[in-house]
Amino acid sequence: PMSNGGIWNHAAHVLYSKETCSPQLTMRVILKHNRRNRIRVTTGISSDTSDTEPLYVTGYPIFDYQGGPYYMQGGTSEEDKIIEFGLDITPLLNKINSGQIAKFFLLVDENDPETCCSGEIIHYSIIDYTNGVNEIFYDETNVPLNNNDLTTLPIIHTVNYNDVSIDTDELPPATVFEPYNFQLTASGGSEPYLWDYDLNFIENNFTGNFPQITSQQLTPTNNNDGYATKDLDFSFPFYGEKFSEIKIYVDGYIMFENLYTWPYPIDDMLLFTNNKFISPFSSDLKLYNSSDDGLWYEGNQDYAIFRWKASVNGQSGTSELNFAVKLYPTGNIEYYYGEIMEYDNIVWYSAISAGNNKFYQFAEISNSASLPPNHVVEFIASHFPSEFETSSDGIFYGTAQQAYNDFEIKFLVLDNNNISTTKTLLFSTDGTNFLVIKDYSVNSGGMI
C-alpha cells in the first residue's frame, strides 16, 4: 500500500532521452528570492517590438509556485537565496520567421498578498547559438521584483536560425479499399525529424450576440466544484476522437470524463495538458442561488450551446460571469462572453487541451484583466482521415474506406532541436477497388 512505501499511483515511468540536442536560443537568469513557492517563471515572444507584453508564453513546471517556503536553493544562508539557471527557449522561434526581429520576454510572477517576500532579477540575458555564441544582455541588473505582481523584462533580438521545411507538395491519390503508403519528406533544421498531424485549432476573435439561452437548466452534482452530464444530438469530434456525452463543470469548463486530479494535484498546468478540456472561463467558480446563478443547455443536430451564469467563489454579489460554449458537428468551437463580466484579482483560463501533453492552446484573451462586451472566440478544428495514421518517421498510411476529394490534412514536422513547421496537403481517392454486381440470378435446379 501507499502508506508502506508502495509505488506512487501504482505506476512506473520510463524516460528516453535524446542522444544529442543543440538548443538554438537559451535564456540565462540569476534570480534572488526568499520563498521559491511564491514565484513563477515564464518566457514569451512577440513579433511586434512595440508590444509591452508577449503574444506567446511558455511555462516551466520547475518554477511554478512550488518547492516549499524555502530559499531558492533550499538552504538557510544568504547565498541560498540566489539561483542561476538556463532555459531552452528554442520553441519560441516557431512563432517567428528566421531573420525576423522579435521581442523576447522574461516574466516573473510573484504571489505575495501578505508582502512577506522579496526578490530581484540580478542578471538576465539571452544566448544565441545559431552562429557561434552571442550573448545579449538586458540593460539593467538587480531589478527588484514587483510585489505580488508580474515583472516583465524584454530583449529585442534577431535570430537567423536553421528552419525546417516540409518538401512534399502533394499526396498521390489513394484507391478505396486498397492499402496506401506514402513517405513524407522534409529538409533543413536538425535530423532526425518527428512527424505528426497538426491538430492545433485556428483562432479568430470578433464581436457577436451572446446566446442568452434558457431552454433547459442543468443541475450539477453540487454548486461549488460539481458537474452536469449531458447527451448531445450529434457526435462531437475532438482531436481525432468523437464524443456524444459531455460533462459541464461549474468551474467554467467542459470535459468528456470525470476529472481525477490524482496523481497531479500540485501542478495545474500538468493537470490541464494531461486531460481533455474545453475551457471558456476556467477558474474557482460557484453557483449562488441568491444571485440566480446556473447552467443551461440548448441544442439539436446542428449545434450544442452551454451557458454559465456564475460567480467567483467567495465573491457572491460582487462578481458576475456570463459566458457560453457552442459546439458544432464539424468540431468547431465558439466561446461567448456576455455584456456583464465582472471579476477581480483572479486567475482564469480560456483554453483547449487534447489531453496528450502535446496539443493545447490558450486563447488570446485568456486571463485578461477585463473583457469587451459580447466578445467571441472562434476555434476552427483540423481533421485527418480516420482510417489513416502518420508514423513518427513520416509515413502516411492506411486504407480508405470511402471516397475523398481534396481533403485538407495539416502535417507537422519537428526537428531534433524543437524547431517545427506545418503544411497543408490535399488528399483524394481516384477509384474503388471492388466489383459491383448490378444483376444476378440463382439456379435452384439440380447439379449438372
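The following exchange walks through several strands and the nonpolar cores of a predicted model.

Visitor: Under what conventions are the values in this predicted model given?

Guide: Local features need pLDDT of at least 70 and side-chain atom pairs count only at pLDDT 80 or more, whereas totals for chains, interfaces and linings use all residues. Residues are numbered from 1 along each chain as its sequence is written, and side-chain values use heavy atoms, with hydrogens and water left out.

Visitor: In the open sheet of 3 strands, which are the edge strands?

Guide: Strands here are DSSP runs (E, at least two residues) numbered from the N terminus, and two of them pair if DSSP finds at least two bridges between them. The order of this open sheet is β12-β30-β29, with antiparallel pairing. Since an edge strand pairs on one side only, the two asked for are β12 (179-183) and β29 (388-390).

Visitor: Which residue of β30 is the bridge partner of N181?

Guide: Strand β30 covers residues 395-399 and is joined to β12 in the antiparallel sense over 5 bridges. Within β30, the partner of N181 is Y397.

Visitor: How many residues of strand β25 are buried?

Guide: A residue counts as buried under 20% relative accessible area, as exposed over 50%, and as partly exposed in between, with a 1.4 Å probe and protein chains only. By that criterion strand β25 (residues 333-342) is mostly covered, the buried count among its 10 residues being 7.

Visitor: Which residue of β28 stands opposite E334?

Guide: Strand β25 runs antiparallel to β24 (residues 320-327), with 7 bridges, and K326 stands opposite E334 in that strand β25. Strand β25 is also joined by 5 bridges to the antiparallel strand β28 (residues 375-380). In β28, the residue opposite E334 is E378.

Visitor: In the hairpin of β24 and β25, which residue takes a positive phi?

Guide: This hairpin has 5 residues between the strands. The phi in question is near 95°, and the residue that takes it is G331.

Visitor: Which residues have the most contacts inside the largest nonpolar core?

Guide: A nonpolar core is a set of buried Ala, Val, Leu, Ile, Met, Phe, Trp, Tyr and Cys residues joined through side-chain atoms within 4.5 Å. The largest one has 99 residues, and those with the most contacts inside it are F306 and I333.

Visitor: Which residue of β3 is the bridge partner of R40?

Guide: Strand β2 (residues 39-46) is mostly covered, with 7 of its 8 residues buried. It pairs in the antiparallel sense with strand β3 (residues 56-64) over 5 bridges. In β3, the partner of R40 is D64.

Note on methods
Helix = DSSP H or I, 4+ residues; strand = E, 2+ residues; numbered from the N terminus.
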